[in-house]
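I opened this notebook to keep track of what I looked up in the structure, one topic at a time. The entries follow the order in which I went through them.

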Amino acid sequence: MRYRLTFMIGAAVGYVLGARAGRERYEQLRKGARQIAQNPAVRNTVESAAQNGRAMGSRAFAKVGDRLPDSVGERVRSLRERGQGTEDDWGTSNT
């Protein structure tokens, strides 16, 4: 009960503080986040990290793929095939 009460008080304080900040501050934060997301350096870093992650995942699967149950291996293969040749939310290719 103590944790529930603490959560409810925290939620109420967050709501009041958020309401005081208002829509204008929300729009400022949203605009700042959009500018960061559209920054070419950030986009390149995100794309590079995604490519490295996919490469590491492929290498890991190649090493342990034989030891996985067939159902798991088939799911991984189908996910890899489904993601080929599409664009992500950033408008870049998933290559």
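Before anything else I noted what counts as a helix here: a DSSP run of H or I at least four residues long, numbered from the N terminus. I also kept in mind that this is a predicted model.

**Entry: overall make-up.** I looked up the elements and found three helices and zero strands in the protein, which run α-α-α from the N terminus on. I then checked how much is covered, and of the 95 residues of the protein, 4% count as buried. The protein exposes about 8,400 Å², and carbon and sulfur atoms supply 57% of that area.

**Entry: confidence.** I looked up the pLDDT and found that the protein averages 79, with 84% of the residues scoring at least 70. Where is confidence lowest, and where is it highest? The lowest mean, 75, belongs to helix α3 (residues 70-82), while the highest, 87, belongs to α2.

**Entry: a salt bridge.** I searched the whole structure for salt bridges and found one. Side chains of opposite charge can pair when their charged atoms come close. Here the side chains of E27 and R30 meet, at 3.9 Å from N to O. I asked myself how far apart E27 and R30 are along helix α1. They are three residues apart, so about one helical turn separates them. I also looked up how covered the partners are: E27 is partly exposed, with a relative accessible area of 30%, and R30 counts as partly exposed as well, at 40%.

**Entry: a nonpolar patch.** On the surface I found a nonpolar patch formed by L5, I9, V13 and L17, which together have about 380 Å² of accessible area. I picked out V13, which is found in helix α1 (residues 2-38). V13 counts as partly exposed because its relative accessibility is 44%, and partly exposed covers what lies between under 20% and over 50%.

**Entry: helix α2.** I compared the expected span of helix α2 (residues 40-64) with the model: at 1.5 Å a residue its 25 residues should span 36 Å, and the end C-alpha atoms are 36 Å apart, so the two agree. At the N-terminal end of α2 I found N39 as a cap, with a side-chain oxygen lying 3.0 Å from the backbone nitrogen of A41.

Definitions and conventions: Residues are numbered from 1 along each chain as its sequence is written. This is a predicted model: local features need pLDDT of at least 70, side-chain atom pairs count only at pLDDT 80 or more; totals for chains, interfaces and linings use all residues. Side-chain values use heavy atoms; hydrogens and water are left out. Helices (H or I, at least four residues) and strands (E, at least two) are DSSP runs, numbered from the N terminus. The expected span of a helix is 1.5 Å times one less than its number of residues. A polar contact is a pair of N or O atoms within 3.5 Å; within protein, one must be able to donate a hydrogen and the other to accept it, and residues adjacent in sequence count only if both atoms are side-chain atoms. pLDDT is the predictor's confidence in each residue, from 0 to 100. Patches are made of residues with over 30% relative accessible area and no salt bridge: like charges are joined within 9 Å, nonpolar side chains (Val, Leu, Ile, Met, Phe, Trp, Tyr) within 5 Å. Accessible areas come from the Shrake-Rupley method with a 1.4 Å probe; for residues, only the protein chains shown count as cover. A salt bridge is a side-chain nitrogen of Lys or Arg within 4 Å of a carboxyl oxygen of Asp or Glu. Buried means under 20% relative accessible area, exposed over 50%, partly exposed in between (1.4 Å probe, protein chains only).
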